[in-house]
Amino acid sequence: MTSFMPPAQRIWWKVPVGRQEIVWILIALVWCLIMFFMMPYWHVYGKQNISNEAYQTTPAKYQAKVQAMIDKYKVREETAQKIPVVAPPAGSDVYLLARLWQWYPMLELEKDKSYRLHISSMDWNHGFSLQPVNINMQIVPGYEMVVTVTPDKSGEYTIVCNEYCGIMHHTMLGKIWVK
Amino acid sequence: MSQFRQCPDTGLFFHKPAESLMKANAVAGAVCLLIGGILGLLVILTRWPAVHLLPADAFYMVLTAHGITCLIFWIIFFEMAILYFAGSTLLRSRLATPRWAWAGFVLMIVGVISTLTAIFQGGSSVMMTSYVPMPAAPHFYLGLILFAVGALIGCFVFLGTLVVAKNEKTYEGSIPLVTFGALTACIIAIFTIASGAEILIPTFLWSVGYISHIDAAMYRVIWWALGHSSQQINVSAHVAVWYLIAGVLFGARPMSEKVSRAAYLLYILFLQLASAHHLLTDPGISSDWKIFNTSYAMYLAVLASMIHGLTVPGAIEVAQRNKGLTNGMFEWLRKAPWGNPVFSGMFISLIGFGFLGGISGVVMGTEQISIIIHNTIYVPGHFHATVVVGTTLAWMALTYLLIPVLFRRKMILPGLAKWQPYLFGGGMSIVAIFHMAAGTLGVARRHWDMGFAGNPLGFEYPGTAYLLMGIAGVGGVIAVIGGAAYLLITVGSLLFGEKLDASAGILQSFGVPLADSVYSTEKPERLPMAPAEAVEGHGDSGFEAPGTFVLAMVLLVSFVVYYFINWKYLSEVWPLS
Ligand code: HEM
Ligand SMILES: [Cu+2]
Ligand SMILES: [Cu+2]
C-alpha cells in the first residue's frame, strides 16, 4: 500500500539503506565504470574507431575533389550507367560521394593498405553501410568526414544506404573491391 | 466547490474534471494505438520478405505514420492521463486549472490531425526524425509543434496540481514515490519539449520559406536532444507504473524510499545526456563529447535503471515473503498472480525492458560498437523491446487496473485478457530479438527491399537474414493479435462491460462525468502517511529479497557476456581510425 502513499517516515532520507541494495548498487556502479573506461581504452588499444576528422564543405567543392580523383585514377567503368571505378594508390586520399540514389564512384583498394577515405553527401542524409563486413556510418550533407580504412580481407564489398533518403533509397548501392 | 468521488472498491479519490481528462486522454491514446497498430501490421508485413505487402511509396509513408503515431501520440496521450492520475488522484487533490488541461488536450488532438493529414497526403514521408534538408509539408511540423505545446500545458497543469496539493495540505509528509516518478517524467518532458521547440520551430519556418538553411548536422544534434530524452520520459513514467502496480497488487512498499528516489534523481540529472548514442558515427562531433554524453556521464542513468530493476521486483518479493511465501528462492514469484493481466503485463514489461531493451541499448550506445549497429534493423529491434514491450505493455497493464476504478466498468473477456500480455509481450519480444539478429547481419532499417530489386549491381544478404526477417514477421503478427486483443477488451469494456456504477453509460466512458449524486463537495480526508512497518527489516545484515538478487545477477552476467561479445564482433571488422 505504500508506493502510492507518502513514505512511512517523515524523514525518509535518513532511513538506513538495506545491505542488499548497497551491494547491488556497488556492483552495478563498478560495471558502469568498466563500461565507461572501455571506450577510451579502445581509442588507445583498439583498432576500430571513427576519427574526429571532418570538414564543412559544399556539394560543388566536394564534387570537384571527387572528379579530380576520378580523372587521375580511373581504371574502368561498370554497369550500363558507366560508373567509373578508381584504383587510387595506397595511402592516398579517396573521395566517395553519396547522392540520390548512388554511391559514386566505385573503388578498388589493396588488401592491408590504408587509405584516407573521405565521404560526403550531395543532398540529404545517407547511410554508409559496408556489407558484408557491417561497418556503418552516418553521412551528413555539408560535412566531409575522413576515416582511415585498412581493408584486411580481399573480396567484393557492397555499400548499402541505410539512412532513408527518399523513394528509391532501397536501390542505392555502391561497390568496393579489395584485391 | 471542487467535487470528488471516492471509488468504493479501492478508496481512490477522483476529482471530477481530472477524471474526465484522464478518460479523454486515455481514450485518445487508445485510438492512436489502434491506428499505429494497423500501420505496424502493414510495416511488418512489408518487411517480411516472403510477404512484402506494400509498394515502396506506401511503405515509407506508412512507416513515417507508424513511428509518430505510436511513439509520440499513443505514448504521450497516455502519459498525460498518468500525470493527472499521479497528481490529482494519488494526492487526493483537485486538479489545477482543468480548463487549461482541456486546451492542451485540444491542441494535442489538432496536432495529431494536422501531422497525420500531412503524412497521408503523401508529401511528408520523412520518417519521424524528419532530418533536414529532406522536406516535409509545413503542417507536418506544425502538427508536431501543436502536439508538443499541448503536452507542455499538461505538464504545467500537473506541476500546478502538486502546488495546490501542497498548499491545501491534501497529504501528510512527502509525495508518494509514484508521484515522484511522474514528477521526474514531467521535468524531463519539459526539457524535451524545449529542445523540440528549438529545432521544430526553425524547421517549420524553413518549410514555409522564412529561413533559408538549417545545418543538417546541427539539426541531428538538437533533434536527438528531443528524441532521446523523450524516451527518458517513458522510462521514468513506466517505472512509476511498475511501482504503482507492485503497490496495488501486493501492497509492496519500496525497499528504500531513499534509493528509489535517488535513482529517479539520476534520471533528472543526466536526462539531457545520451542523445549522442544516436550520433556516434556522425561527422563533426568529437569523441570526447560522444563518450561523455553517450554514457550519461559515467552510465549514471543506466545505474539508475539497474537500481529500479532490483527495487521493483525486490519490493514485490519482500511483500510476498511477508505473506508467507518463503520457500526457496522463487516461491514468491512462482505463486505470483500470473493469470492477472495487471501483474503479468507489468512483469513482462519489466523483464523485457531490462533483458532485451536495456542490455541491447547500452551495448549499441557504446561509442565504437555503434559502428556495427548504426541504422541497421537492430535499432528498431532494440526500441521495440524498450518502448513496446517495456512502455506500451506497462500502459496496457495499467489500463486493466483502471477500467473498473476510473471507468466504473467491469472488464469483458477476462479469459482473453489473461493471455493478452503473453501474446503481445511474447510476439513483440520475437520481433525485437529477430530484428536485432538480422541487424547483426547488416540488414538496413527503414528499407523497403532487402533484395535491392532494380539495382544492376546486385547484392544479397545471407539467406539467414531472410529467415530472421521472416520469423520477426511472424512475431509481429502475434504481437498485432495481442494488441488487437487489448483494444477489443478495453474498448469492449468501455462500451459493453457490466456497469459498476449505475450512471456509467457510454458517454461516461469517453469523458462525461458520472451522475451528480456520485460526487460530493466534501474535501477528501487528508492522505495519511503509509503505515509504519510491523517489523523493522531494513538495515540489518540479511538479504531481504534473495530471489531478486539472483535475478539481478543473472541480468548482470548476461549483460557482461553480451557486451564483450559485441567488442569481439567489432574487433573483426576492418581497422578504422
Ligand atoms: C503492434 C505491433 C507493431 C509492429 C508489428 C511493429 C513493427 C515495426 C516495424 C517492422 C518497423 C520498421 C522497421 C524498419 O523498416 O525500419 C517499425 C518501426 C517503428 N515502430 Fe513499430 N511495431 C509495432 C508497434 C509499435 C509500437 C507500439 C510503437 C511505439 C510505442 C512502435 C514504434 C516504432 C517506431 C518509433 C518505429 C521507427 C520508425 C522510423 O524508423 O522512423 N511500434 N515497427
Ligand atoms: Cu538511402
Ligand atoms: Cu536515445
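Buried means under 20% relative accessible area. B:His384 has a relative accessible area of 15%, so B:His384 is buried. This is a predicted model. B:His384 is also one of the protein donors of the iron atom of ligand 1. The metal sites come first below, then cysteines, salt bridges and a surface patch.

**The iron site**

- The iron atom of ligand 1 has two protein donors, B:His66 (NE2) and B:His384 (NE2). Both lie 2.0 Å from the iron atom.
- Six donor atoms surround this iron atom, with angles of 86 to 180 degrees among them. The site is octahedral.
- The two histidines link distant parts of the chain. B:His66 sits in helix α2 (residues 56-89) of chain B, and B:His384 sits in helix α12 (residues 378-406) of chain B. They are 318 residues apart.
- B:His66 has 15% relative accessibility, so B:His66 counts as buried.

**The copper ion in chain B**

- The copper ion (ligand 3) is coordinated by B:His228 (ND1), B:His277 (NE2) and B:His278 (NE2). The distances are 1.9 to 2.1 Å.
- The spacing of these donor residues in sequence is H-x48-H-H.
- B:His228 belongs to helix α6 (residues 216-250) of chain B. B:His277 is in the loop between α7 (257-269) and α8 (287-294) of chain B. This pair is 49 residues apart and links distant parts of the chain.
- B:His228 counts as buried because its relative accessibility is 5%.

**The copper ion in chain A**

- The copper ion (ligand 2) has A:Cys161 (SG), A:Glu163 (O), A:Cys165 (SG) and A:His169 (ND1) as protein donors. They lie 2.1 to 2.5 Å from the ion.
- Why is the arrangement around the copper ion (ligand 2) tetrahedral? Four donors count as tetrahedral if all angles lie between 85 and 135 degrees. Here the four donor atoms subtend angles of 86 to 128 degrees, so the arrangement is tetrahedral.
- In sequence, the donor residues follow the spacing C-x1-E-x1-C-x3-H.
- A:Cys165 has 0% relative accessibility and therefore counts as buried. A:His169 is also at 0% relative accessibility, so A:His169 counts as buried.

**Cysteines**

- How many disulfides are there over all chains? The count comes to zero.
- A:Cys32 is buried because its relative accessible area is 0%.
- B:Cys7 has a relative accessible area of 1%, so B:Cys7 is buried.

**Salt bridges**

- Side chains of opposite charge can pair when their charged atoms come close.
- A search of the whole structure finds 24 salt bridges over all chains. Examples follow.
- The side chains of A:Lys65 and A:Glu144 meet in a salt bridge, 3.1 Å from N to O. This pair links distant parts of the chain, 79 residues apart. A:Lys65 is in helix α2 (residues 59-73) of chain A, and A:Glu144 is in strand β10 (residues 143-149) of chain A.
- A:Lys65 is at 34% relative accessibility, so A:Lys65 counts as partly exposed. A:Glu144 is buried because its relative accessible area is 2%.
- B:Lys16 forms a salt bridge with B:Asp516. Their closest N and O atoms are 3.3 Å apart. B:Lys16 lies in helix α1 (residues 16-47) of chain B, and B:Asp516 lies in the loop between α15 (506-509) and α16 of chain B, so the pair ties together parts that are 500 residues apart in sequence.
- Which of these two counts as buried, and which as exposed? B:Lys16 has 17% relative accessibility, so B:Lys16 counts as buried. B:Asp516 is at 58% and therefore counts as exposed.
- B:Glu331 pairs with B:Lys335 in a salt bridge, with the closest N and O atoms 2.9 Å apart. B:Glu331 is buried, with a relative accessible area of 5%. B:Lys335 is exposed, with a relative accessible area of 51%.
- Salt bridges that share partners also build one network, which joins A:Arg76, A:Glu78, A:Glu108 and A:Lys179.

**A nonpolar surface patch**

- Which residues make the nonpolar surface patch of about 350 Å²? They are B:Val557, B:Val561, B:Ile565 and B:Tyr569.
- B:Tyr569 is in helix α16 (residues 546-571) of chain B.
- B:Tyr569 has 44% relative accessibility, so B:Tyr569 counts as partly exposed.

Terms used. Residues are numbered from 1 along each chain as its sequence is written. Chains are lettered from A and ligands numbered from 1 in the order in which they are written. This is a predicted model: local features need pLDDT of at least 70, side-chain atom pairs count only at pLDDT 80 or more; totals for chains, interfaces and linings use all residues. Side-chain values use heavy atoms; hydrogens and water are left out. Patches are made of residues with over 30% relative accessible area and no salt bridge: like charges are joined within 9 Å, nonpolar side chains (Val, Leu, Ile, Met, Phe, Trp, Tyr) within 5 Å. Accessible areas come from the Shrake-Rupley method with a 1.4 Å probe; for residues, only the protein chains shown count as cover. A salt bridge is a side-chain nitrogen of Lys or Arg within 4 Å of a carboxyl oxygen of Asp or Glu. Helices (H or I, at least four residues) and strands (E, at least two) are DSSP runs, numbered from the N terminus. Buried means under 20% relative accessible area, exposed over 50%, partly exposed in between (1.4 Å probe, protein chains only). Donors are N, O and S atoms within 2.8 Å of the metal (3.2 Å for Na, K and Ca); water is not among the atoms, so sites may look incomplete. Four donors count as tetrahedral if all angles lie between 85 and 135 degrees; four count as square planar and six as octahedral if opposite donors are over 155 degrees apart and all others between 65 and 115; anything else is irregular. A disulfide is a pair of cysteine sulfur atoms within 2.5 Å.
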